[in-house]
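Hi,

Here is the structure I said I'd pass on to you. Have a look at it first, and then read my notes underneath.

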Amino acid sequence: MTKLRDLILVPVIVALLVTGVLIDPAFLSAENVIALLRQQTELSLLVLAEVAILIAGRIDLSITATAALAPALAAGLVLPAASGGLGVGLPEWSAIPVCLAAGALAGALNALLILQFRLPAFAATLGTLILLTGLTVSVAEHPGQLRYLGRAVWLGVPASIWLCTLIFVAAIVFLGLFRHGRSLYAVGGDLDAAKAAGIRTGRVLWLTFLTGGILAALAGMLATGRTGADGPPQGTIFLVFAAAIIGGISLSGGGGTPFGALCGVLTLGLTDSVLRLAGMQATWIPAIYGALVIAALALARVQATYRPGPPAPPVPR
Amino acid sequence: MITASAHGVSKRFGPTAALDGLHLTVQAGEVHGLAGHSGAGKSTLVSILTGLTRPDAGRVRFDGNASPRLGDREAWRRSVACVHQRPTIIPSLSVAENLFLHRQSDGVLIGWRALNRKAAALLETFGVAVKPSRLARDLTVEQRQLVEIARALSTGARFIVLDEPTARLDGPAIDRLFASIHVLKENGVAFLYVPHHASEIYDVCQSVTVLRDGKHVLTRAVDELPQQELAEAMGGVVEEQPVGPTEREPVVAVEGISLQTGLGSLQMGLGSLQMGLGEIVGLTGSEGSGKVALAEAIGRTRCLDGSEIACLPRHSALVPQFSIAGNITLSVADRLGRFGLVDPRRLRSTARQLIEEFGIRATGPAQPVHRLPAGEARKVLLARTLAAQPQAAVLIEPVSGVDSDTRRSLLNSVVVAASRGTAVLLVSGDVDDLRVCDRILVMHAGRVVFEAPRGWDEAEVLAAIEGLAAIEGVTEVEGVTEVEGVTEAEGAEVEGVTATETAAATKGAAATKAAATTKGTTATKAAAATKGAGTTKGTATTKGTTATKGAATTKGAAASKGEAK
């Protein structure tokens with residue numbers, strides 16, 4: 001429960017906000033803030049999915065592909081063949097459950113490959129990333145059900161923001177205060193030690209992958225509603241990892257919190273808007289992201305080196 | 001009443017039988033020792049008794065009931081708690097959470113404050129001075145060990161397995177551990193105790209079972225088993241080699257080594273080291289004494305003729321994708337053909353020759369190494385290091401964790417290499433491994449504190465490892481110095497606050513424990529250096545407050561930084 005690393009991004013976020021206001025006083029207007037947050041909703045859910053898997057000591061490169069495939073598949077199953085559907089013609093109300101189920105299925109596929117067949121997670125999920133991306137058939141238009149959550153506004157605030165807030169609060173409480181949430185850290189920290197402590201490691205990992213898939217599908221749904229495209233754009237997986245690393249999630253498992261991850265997402269989002277506001281060319285912005293990732297890693301290294309007492313942890317590969 | 005039992009338990013790993021039809025019963029209120037050299041099957045048995053490995057045959061019973069399914073971890077945890085040899089502390093979690101892993105709360109939500117309080121109380125009971133909120137990765141190795149022990153003893157299980165719990169503890173901590181064990185034992189808890197040194201059996205156990213090569217050798221009450229018989233039951237002692245020449249042509253000469261380790265807080269020094277043609281120099285010391293760091297530094301220097309020193313580092317490994325031939329010839333690749341070409345025939349013949357020379361049990365040069373038993377893999381590693389017949393070689397813990405036969409074979413190969421002229425620096429924490437050496441050096445807290453030629457006195461060496469002989473102001477305490485042919489040396493009463501320190505050497509067929517009682521404000525630490533039939537134990541010391549402090553600080557520093565990689 002190191003809180004320090006979690007809070008380290010708070011001053012950074014404040015500094016970014018102040019810079020934004022200095023450039024343009026309208027930066028902190030309710031309208032702008034809501035717009036800013038809404039843009040981050042899909043990314044935040046994808047990061048949460050990835051973070052859960054990373055904490056449990058595994059990795060999943062395919063979640064953005066899941067986010068693209070799930071809404072497309074749901075749309076295909078629901079829409080009549082005339083509007084580009086697959087001709088199955090499921091009732092329209094089933095769009096959301098089908099979308100989430102598709103996400104769970106993708107998570108189950110990864111879990112099967114990694115946990116049952118013991119394939120290396122990095123390579124296996126690279127495989128599913130390519131596979132799922134290839135299976136994603138774009139449809140011309142999405143059923144209204146699928147777009148609802150990404151578009152609706154509740155009490156003056158977009159539904160997606162409400163949803164993400166709710167999910168993050170739930171995640172923070174679950175991973176911080178529940179025995180079963182803590183078992184993710186144990187499993188990612190040392191699998192044998194977790195097993196010896198009586199944790200059913202296989203079950204924990206399976207559920208983590210399933211949850212990751214469902215969260216990814218939900219993120220895809222929000223993106224579809226917001227932009228009309230199938231899920232997040234390709235290459236989003238790099239942003240997901242960037243946000244997780246900046247948010248202090250350990251890629252070697254067992255470390256990091258959803259709050260830190262959320263701060264990582266906000267830092268990325270704010271950096272993006274402030275730089276755009278300052279008139280920086282959009283093509284340069286990824287370079288800044290890269291620098292942030294390296295800075296976060298360097299910070300973690302320095303922390304590990306100057307931590308009181310022995311022994312220095314091995315340099316992660 | 002029988003608390004835990006194993007009936008005809010067998011386990012095979014590939015072609016080797018790790019356990020063969022083993023029977024074991026542990027009674028309530030008994031500490032049952034499990035002795036045997038490494039490779040005898042102790043770890044496999046522990047793993048089966050704690051439900052981490054499924055036996056190929058046989059059953060485990062707790063309180064007369066069949067053991068739970070392997071997947072039912074909850075049920076296993078209720079039946080048995082274990083301090084594993086391999087640390088099972090999760091570095092990224094706090095001490096409190098590690099103590100109560102997977103039982104963090106009684107209710108639904110975890111109350112972190114209550115958990116920390118509970119952990120603090122538990123730590124105090126076992127005398128562990130650690131803040132519950134600290135991350136486990138920030139603890140010293142010893143503190144981690146204490147946390148694990150406290151966790152095992154606190155689970156409420158009626159059967160507790162302690163697998164080498166003292167390996168990383170010092171005297172007072174060991175005493176506290178033994179005291180805790182005693183209390184729980186009186187309350188009817190059953191223990192299976194795997195000792196770090198066989199002599200510990202005489203300190204805590206009431207009965208003992210000896211294993212050898214996976215088979216049951218004997219089970220007996222400790223009172224009826226003299227040390228010599230125990231040593232014989234465990235088997236395998238390396239015979240001493242004849243004394244070599246005293247004048248040797250120097251091969252390696254290093255002067256004024258000084259090392260900075262960790263963050264530079266510890267300086268290590270060695271005046272100079274010379275190794276002669278065909279000489280085997282032993283280097284020993286406790287964990288954290290700096291012996292490995294020193295050996296690694298020497299390994300990076302060159303011989304007097306400019307050739308490189310061959311090194312077998314501590315955690316070296318084989319290339320898993322290669323065959324035995326591919327691995328074993330890595331160091332002699334230049335002899336396999338011209339211009340870097342590898343001639344397959346020469347590769348095979350060279351490998352075959354080395355396999356025979358080093359006594360490697362294998363189907364042939366083409367056998368892949370990834371399924372090779374650990375002992376045979378070690379032989380391949382040693383062969384790879386020595387194949388080129390280097391001028392000098394540094395071998396770090398080359399025989400740790402192998403069975404007695406393999407150990408003998410490995411040490412024999414070292415002797416053969418030396419007889420061909422290779423100067424060897426043999427590093428081992430186990431003094432028994434160093435009997436083949438022409439000369440022995442002992443390190444303590446970063447310095448070489450003791451040096452002796454072949455024929456060294458084991459008690460002196462052990463005392464030096466503990467850093468005792470090196471400290472000034474050594475006074476002898478009446479009653480414990482040089483006791484010969486005695487079964488128990490007890491006594492050593494010190495009064496007052498004078499700084500006294502003694503290395504009490506006890507020689508004799510069976511022997512052993514010096515209990516030093518102290519009155520007054522003196523801080524006391526007791527241990528007895530004993531030279532008996534192959535069994536050994538630390539050294540009896542009584543120290544004044546000042547002396548203790550000084551020594552303790554040095555030791556702590558070394559332990560923390562010395563071998564941090």
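Let's start with a hairpin in chain B. Strand 17 and strand 18 of chain B form it with two residues between them, and B:Ala445 there has a positive phi near 50 degrees. Keep in mind that you're looking at a predicted model. The two strands, residues 439–444 and residues 447–453 of chain B, run antiparallel and are joined by six bridges. If you want a pair to find on screen, try B:Ile440, which sits opposite B:Ala452 in strand 18 of chain B.

Just before that hairpin there's a loop to look at. B:Asp430 lies in the loop that links strand 16 (423–427) to strand 17 of chain B. Is B:Asp430 buried or partly exposed? It has 14 other C-beta atoms within 10 Å, and a residue needs 20 or more to be called buried, so B:Asp430 counts as partly exposed. Its C-alpha atom is 8.9 Å from that of B:Ser286, although the two residues are 144 apart along the chain.

Now the chains as a whole. Chain A has 14 helices and two strands, while chain B has 15 helices and 25 strands. In chain A, 46% of the 317 residues count as buried; in chain B, buried residues make up 49% of 565. If you take the contacts in chain A with a separation of 6 or more, 74% are between residues 24 or more positions apart. For chain B, the share of contacts joining residues at least 24 apart is 67%, again among residues at least 6 apart in sequence.

Next, the sheet with strands 2, 1, 4 and 5 of chain B. Those four strands make an open sheet in the order 2-1-4-5, with antiparallel pairing. Strand 2 (16–27) and strand 5 (65–66) of chain B are at the edges with a single partner strand each, so each has one side without a neighbour in the sheet. Strand 5 pairs with strand 4 (residues 57–62) of chain B over two bridges, in the antiparallel sense. In one of these, B:Phe62 has B:Asn65 as its bridge partner. Helix 1 (residues 42–49) of chain B lies across strands 1, 2 and 4 of chain B, and it runs at about 120 degrees to strand 1.

Helix 5 of chain B is worth a look too. It covers residues 141–154, and its 14 residues reach 20 Å from first C-alpha to last, close to the 20 Å expected. Why call this helix largely enclosed by the rest of the structure? Twelve of its 14 residues are buried, so that description fits helix 5 of chain B. Among the buried ones are B:Val141, B:Leu146 and B:Ile149. The elements covering them include helix 4 (112–125), strand 7 (159–163) and helix 6 (171–186) of chain B. After helix 5 of chain B comes B:Gly156, with a positive phi near 90 degrees.

Last, the nonpolar cores. In soluble globular proteins, nonpolar side chains tend to be buried together. Here the largest nonpolar core has 155 residues, and A:Cys99 and A:Ala243 have the most contacts inside it. Beyond its neighbours within four places in sequence, A:Cys99 is in contact with residues including A:Ala70, A:Leu146 and A:Met221. There's also a second, separate core of 68 residues, with B:Val292 and B:Trp456 among them.

Cheers

Notes. Residues numbered from 1 in each chain as written. Chains lettered and ligands numbered in written order. Predicted model: local features only at pLDDT ≥ 70, side-chain atom pairs only at ≥ 80, totals over all residues. Expected span 1.5 Å × (residues − 1). Contact = placed C-beta atoms within 7 Å. Pairing = 2+ DSSP bridges. Core = buried A, V, L, I, M, F, W, Y, C linked by C-beta atoms within 7 Å. Axes fitted to C-alpha atoms, helices over the stretch in contact; angles between N-to-C directions.
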